[in-house]
Amino acid sequence: NGIMGQNSLRGRALECMGHIAIAVGKDAFAPYFTPVMTSAAQGLASDDTDLHEFAYALFANLAKVMQADFAPCLPELVPHLLKVVESQDGALELKEAEGAAQSQFSGLDDSDDEDEDGGAGNYVVNVRTAMLDAKKGAITALGEISRYTGPQFTPYTTQTLTTLCTLLKTEEAAMSYIYSNTMLRSEVAEALSGMIMPAVATLGDIEWTKGNATMTKPPLTPQIQEVSQICLQALIVILKEDMDSAVVGKACESMQAIFELLGPASFAPVANECLEAVHNLLSGKAPCQEHFEGEDEDDLDDLDEHESYMVHVMDLVGAMGRILGSSFAQYLPQYLPAICRWGKPSKPAEDRAMTMGILGELAQEIDAASLSPHVESVFYPAIQAGLADEDLNVQRNAAFLTGVTCETLGDAMSPQYMQLLQLLSPMFALEINENSAPIVDNAAAAVARMINTCPTAVPLEQVLPTFLSVLPLKDDMTENETVYGCLLTLLGSNNAGLAAQKAELLRVFQAAVADENVQENVKAQLSSALASLQ
């Protein structure tokens, strides 16, 4: 108990050091980096796999903080982590070889003397079983180290990818016990998105053009293309074959991260497989949904766990919309019915809210010509149902959907403005608190978009007093430019309705300028307007 107790305390201390490093940052933690890493390395010489797990968590956190300065640890640390992951028994324990010195990561040694064997011979490896927590920690560490240390990780990318992808090959009977473990598969799915980062770091910032796979600047290198396709193919296999919805959710998150970083050039080679796999998930036909097959859909509505992973599926759909833009319109006839099944009144509020959210994201990314054929059948009925929903989060996302649909369609939506304003009006009457503030902010942004798009269709003298009364925005600061831009445009056009609200306008602008959460460029515009008003 004494030794185990000491190791537990030592592990918690390592854990605390990782959290401290994240809190204080790279420069403040730099003086402690080498001694902390040395202590963690010494812990790997014990036979306590719990201590190993704490060390792996530390490595993940320190890689995130130290980034390129973590690189001297890679030659000794990465091979060790790979051995842990590759172990058929779940983990590896390292014991100090007879006569060997206490381990330090030699790349961090301040001495100019080099160990003849480079530190590689300091340990012998013993295998034990049922150490999945340590294996999970090693996978996490590899993912974070790859994500944050930059090009220095490149020599290890191929072997790491091979090791991680092996854990996902269900056809290998020898690995079936690993595949049955959700924890490991989820960790692999999350780590895969980090595998592209060493190669990406050599390019710097990547700019891509929505809907154009050939306009990436700078062009993706062959290495980025190869690694990203290996990762995406492995993640798509999870979507198509994995029986666990939590693992599928993690895979969707990783795919979203890769697509949003690399753009259409990364999507094009896997487009058909990805679109089919995601559509199957939206339609409830994926393997991870088969255990609900034959059950009544009303019964499924009460299964929160069944629905929760769909948030990540919907986020992936949103990412595809962002990178493809109007090119995604060709898939809407198949995708929209599958999306809308999650927004039925019988579904939980969380599902109805995510449906409103993804419809809003798609309306924002495609053009009017692509959106128009689906307005009467999908988007307008969804807006009406969402704004009238009893759940505040559904209302919030429906308000966003309202605004972006009006913005995209332009004057074509103006005949529905009066009904939309009536449906939005109850949100402006809510008592503003922590729960209602996001809904009120999104309602204000929706009205701002309607005014910006077609001001003649909005009865400004009636709308502006109520509109101004809920400002400044309290929660959703991403809508500052939309809302205050609307007011600045009206002010610049000498709108009579706004002129009659000068006192309220001054209050709103002054409060926004004093709000530290408002963007500096917005504050500058408001300050200039205040000078002209006073």
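1. A good place to start is pLDDT, the predictor's confidence in each residue, on a scale from 0 to 100. You are looking at a predicted model, and its mean pLDDT is 87, with 86% of the residues at 70 or more.

2. Two stretches call for some care. Residues 111–130 have a pLDDT below 50, although the model gives this stretch 39 contacts beyond near neighbours in sequence. Residues 170–180 also fall below 50, and there the model has 22 such contacts. Where pLDDT is low, the predicted coordinates should not be read in detail.

3. Now find G194, which sits in the loop that joins α8 (182–192) to α9 (197–201). Is G194 buried or exposed? G194 counts as buried because its relative accessible area is 0%.

4. Which residues does G194 touch, once its neighbours within four places in sequence are left aside? They are G143, S146 and R147. Take R147 as an example: 47 residues separate R147 from G194 in sequence, yet their C-alpha atoms are 4.3 Å apart in space.

5. Next, have a look at helix α21, residues 392–409. With 18 residues at 1.5 Å each, this helix should span 26 Å, and the C-alpha atoms at its ends are indeed 26 Å apart, so the two values agree. Helix α21 is also mostly covered, since 13 of its 18 residues are buried.

6. Finally, check both ends of α21. At the N-terminal end, D391 acts as a cap, with a side-chain oxygen 3.0 Å from the backbone nitrogen of N393. After the helix comes G410, which has a positive phi, near 70°.

Notes. Residues are numbered from 1 along each chain as its sequence is written. This is a predicted model: local features need pLDDT of at least 70, side-chain atom pairs count only at pLDDT 80 or more; totals for chains, interfaces and linings use all residues. Side-chain values use heavy atoms; hydrogens and water are left out. Contact means heavy atoms within 4.5 Å. Helices (H or I, at least four residues) and strands (E, at least two) are DSSP runs, numbered from the N terminus. Buried means under 20% relative accessible area, exposed over 50%, partly exposed in between (1.4 Å probe, protein chains only). The expected span of a helix is 1.5 Å times one less than its number of residues. A polar contact is a pair of N or O atoms within 3.5 Å; within protein, one must be able to donate a hydrogen and the other to accept it, and residues adjacent in sequence count only if both atoms are side-chain atoms.
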